[in-house]
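Welcome, and please load the model in your viewer. We will go from one selection to the next and look at what is there.

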Amino acid sequence: MGKRRAGRELLRSLSKKQKKHLREFGEEHPFYDKLLLLLLLHLCFPFQSEDSDKSSAESDSETEVEQVSGYHKLLATLKTSPESESEEEEDESESEEAEESEAEMDSEGSQEPGEAEGGEEDKNDVPEEEEATDTAEQILSQEQADGTDTSCDPRHGVIEEFTDVKHESEFSLETNFMEEERGDCNADKSSSSQALPEDPFKQHMDKELEDKEIEKMSTLPKTSSQSQWPRLGQLIFSSTLEKHKTLKADKEVDVKQLYFHKPLECTWPKVNKQFLSSVDKPSDSPFTPLQRELFCIMNSYRDLFYPERNALTNGEEIRHAYCLHALNHVLKANAQVLSNNAKRRDRKPGTNADDYRDQGLTRPKVLMIVPFRECALRIVHTFISLLEVNDQKKIDVSNKKRFKGEFGSDPEEKPPNLKRPEDYEAVFAGNIDDHFRIGVAILQKSMRLYAPFYSSDIIIASPLGIRTVIGAEGEKKRDFDFLSSIEILIIDQADIYLMQNWEHVLHLMKHINLLPLDSHGVDFSRVRMLNLNNWSKYYRQTLLFSALQDPQINSVFNKHCFNYAGRVAVRNVPLTGSISHVVVQLPHVFQRLEAESVTSVIDARFQFFIDKVLPEYRDAIMSHTLIYVPSYFDYVRLRNYFKKQDLNFTHICEYTRKAAVCRARRFFLKGEKQFLLFTERFHFYKRYTIKGIRNLIFYELPTYSHFYSEICNMLKATDSGVDATWTCTVLYSKYDAQKLAAVVGIDRTAQMLQSKKNVHLFVTGEN
């Protein structure tokens, strides 16, 4: 206790300058070397007796390792200590907090009490005082006692990712056999499969492609056909192979014809009951109209792009549908392996081993990309519900408590009285951490969470989480072999990745379905020939769900999906556009710019802006001008230009500190700054109401069409000013056709794209 108290006293005795130097440069100032050495000795040897004797060689090597460990623990303690943070920024924070609170009171008043402390509250704020004052000695002793249980503690940082190694043998496909499942379902299981169509799973995975067909898919363009479905609308079917059949929407679905694996035929109607209309009869379809048509395409193993996902209306319906499809696929694949295990065990000598090719080069079959931990939590809960037949027959879920702790959320973390739009609340519900990955293994009536990737059937991850595992060229520690045999890729809420980092998605698509660099203990006599021929990408089904149509998302679907079964894209055109939701009487001026190509449109837009648009707003009477910039790179370019031209402006982006945001809003409201540069990603993550706007400039059309009406409707929050002086200018080119149609509607878009350059179109939005 004496040494522990001494170490704590030494930590507190460091001055603000000493702690700051240690954080910034990774070492103590030479003047304080003796003090640092004494502190490290107390941290690294908290339990060592003074009279203990050890061999010189051993003690030297261990001391070096422990000194490094203790040194990093010291740094971690200093970084998480609120005392050190407050000491370092004491001088800045006092003035900033005063300005922050004043700006909030001026700009927000009583409308947004949740922002009274300078913007949206951070969910991972400073730890509690008792936890933050833990010394590095206590942290080290806790890790030694608990092992991996503290590896994911936010106070310690991500030291080592937890994986479940205890249940490896229980969930091994190689050493287990199929169990007879009886009494799981009240439905009659009499075999009538001969009269029913062939199982889509076997039909898709057992098809043997020829070299000529592979060459066709690699070289020839796809043939397309259109179809109109009652719920999905206009569908575009495309395929390279000649034997291409266009699907037809089924008005009624017989569950037995879907070839559900046990126990999904019994559990799905119960799990999906919440989405069915109360007027539906028990004999009606267990699918909603949207789910029925989506699952019809999913079950045919075609690629699917659905760009009308809405977190408020159909998001959960869609999630349940693709969870059902993924789980059905995994259960069938594992059942085939377990059944063949028993056949191999009982087979007679001389039997052909090729009859048992039922696996890929690695075990993971399904990869699910979702943006937040809350999404992964809901997916796992859906899996559990689909596997549990009734309350008496619960499935065994390993590490369930740990999973809920790491992927769940505390309701008290959400700040009270924080008013945001409904779609914002739906998207950012629960735990919104975007760096995670987890392996899920499913074996008959058991589920294993945190399974190692090479022992997992399903991998659920965020783009950032999977990107950090894949790594980059030149990195020593990188791995993407587990992606070699992915059979179903599900990318949900793809539009959110445009706001995070789209490069992570592209990086994933470049590394999926490549031949592994290591065998990873696979039995090659059980590997399918399609995997050995490196044809996995031609069998992979990709399900892509988004809230909008965007060229970058379309590019992934068109250039990275090679499914031999073909693909289906929903292509409905908006009739009205979000401009109809603008409630203020505002003239909208759409100015067209010309560009020779997609790559040159960036420079053309910048030149058009500084030559044609900006000069009109330089006059002092055109104050209170907000410039909405979707791209961060365009924002940096404009900011640098404004600084070079010495314009009176302020700026807000997703990286701006809270206090700076409050100051910028205050300056803009009071008219002290004429221009406000405002990024789309900041609006996406914060949704603040900017007051004082009189003139709007959309440097580019918004990614989300409803952002257009939201920004325009901010003008009604201005207490002063005359409606007639309000202006709205929008820059667009012929390459913005999809965004333009989402804002003004398809009819106006056709007229605007056919018009000559520099033609102004005046539109008055009415509710």
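Where is Phe287 found? Select it: Phe287 sits in the loop between α11 (264-271) and α12 (289-298). The helices named on this tour (H or I, at least four residues) and the strands (E, at least two) are DSSP runs, numbered from the N terminus.

Before going on, two notes about the source. This is a predicted model, in which local features need pLDDT of at least 70 and side-chain atom pairs count only at pLDDT 80 or more, while totals for chains, interfaces and linings use all residues. Residues are numbered from 1 along each chain as its sequence is written, and side-chain values use heavy atoms, with hydrogens and water left out.

**Stop 1: around Phe287**

Stay on Phe287 and colour by accessibility. Is this residue buried or exposed? Phe287 is buried, at a relative accessible area of 4%; buried means under 20% relative accessible area, exposed over 50%, and partly exposed in between (1.4 Å probe, protein chains only).

Now show its surroundings. Not counting residues up to four places away in sequence, Phe287 touches Leu258, Phe260, Trp268, Asn272, Leu276, Arg292, Phe295 and Leu324; a contact here means heavy atoms within 4.5 Å. Add Ala321 as well: it is 34 residues from Phe287 in sequence, and the two are 8.7 Å apart, C-alpha to C-alpha.

Next select α12, which is mostly covered, with nine of its ten residues buried. Arg292 and Phe295, both touched by Phe287, are among the buried residues of α12.

Then go to Lys262 and Pro263. They are joined by a cis peptide bond, with omega at about -5°. Pro263 has its place in the loop between β2 (233-239) and α11.

**Stop 2: α14 against α15**

Two packed helices are described by the angle between their axes and the distance between the axes. Select residues 373-387 for α14 and 400-407 for α15: the two pack at about 150°, with axes 9 Å apart. The axes are lines fitted to C-alpha atoms, for helices over the stretch in contact, and the angles run from 0 to 180 degrees between N-to-C directions.

How are α14 and α15 oriented to each other? They are roughly antiparallel. Angles under 35 degrees count as roughly parallel, over 145 as roughly antiparallel, 65 to 115 as roughly perpendicular and the rest as oblique. The crossing of α14 past α15 is left-handed: the near helix is turned anticlockwise from the far one by less than a right angle, whereas clockwise would make a crossing right-handed.

Show side chains at this contact. From α14 come Arg373, Glu374, Ala376, Leu377, Val380, His381 and Ile384, and they meet Lys400, Phe403, Lys404, Glu406 and Phe407 of α15. These residues divide into six nonpolar, one polar and five charged. Here Ala, Val, Leu, Ile, Met, Phe, Trp, Tyr, Cys and Pro count as nonpolar, Asp, Glu, Lys and Arg as charged, and the others, Gly among them, as polar.

**Stop 3: Asp434**

Select Asp434, in the loop between α16 (422-427) and β6 (437-443). Asp434 is partly exposed, at a relative accessible area of 27%. Leaving aside neighbours within four places in sequence, its contacts are Pro371, Phe372, Ser462, Leu464, Gly465 and Gln500. Measure to Ser462 in your viewer: the C-alpha atoms of Asp434 and Ser462 are separated by 6.1 Å, with their positions 28 residues apart along the chain.

**Stop 4: a loop with two positive phi values**

Most residues other than glycine have a negative phi, and most peptide bonds are trans. Pick Asn513, in the loop between α19 (502-511) and α20 (529-532), and read its phi: the value is near 60°, which is positive. Asn513 is buried, with 4% relative accessible area.

His520 lies in the loop between α19 and α20 too, and its phi is near 55°, also a positive value. His520 counts as partly exposed, at 33% relative accessibility.

**Stop 5: α28 against α29**

Finish with residues 737-744 (α28) and 746-754 (α29), which pack at about 130° with axes 7 Å apart. α28 and α29 are oblique to each other, and α28 passes α29 in a right-handed crossing. Ala737, Leu740, Ala741 and Val744 of α28 make the contact with Ile746, Arg748, Thr749, Met752 and Leu753 of α29. Seven of the residues in this contact are nonpolar, one is polar and one is charged.
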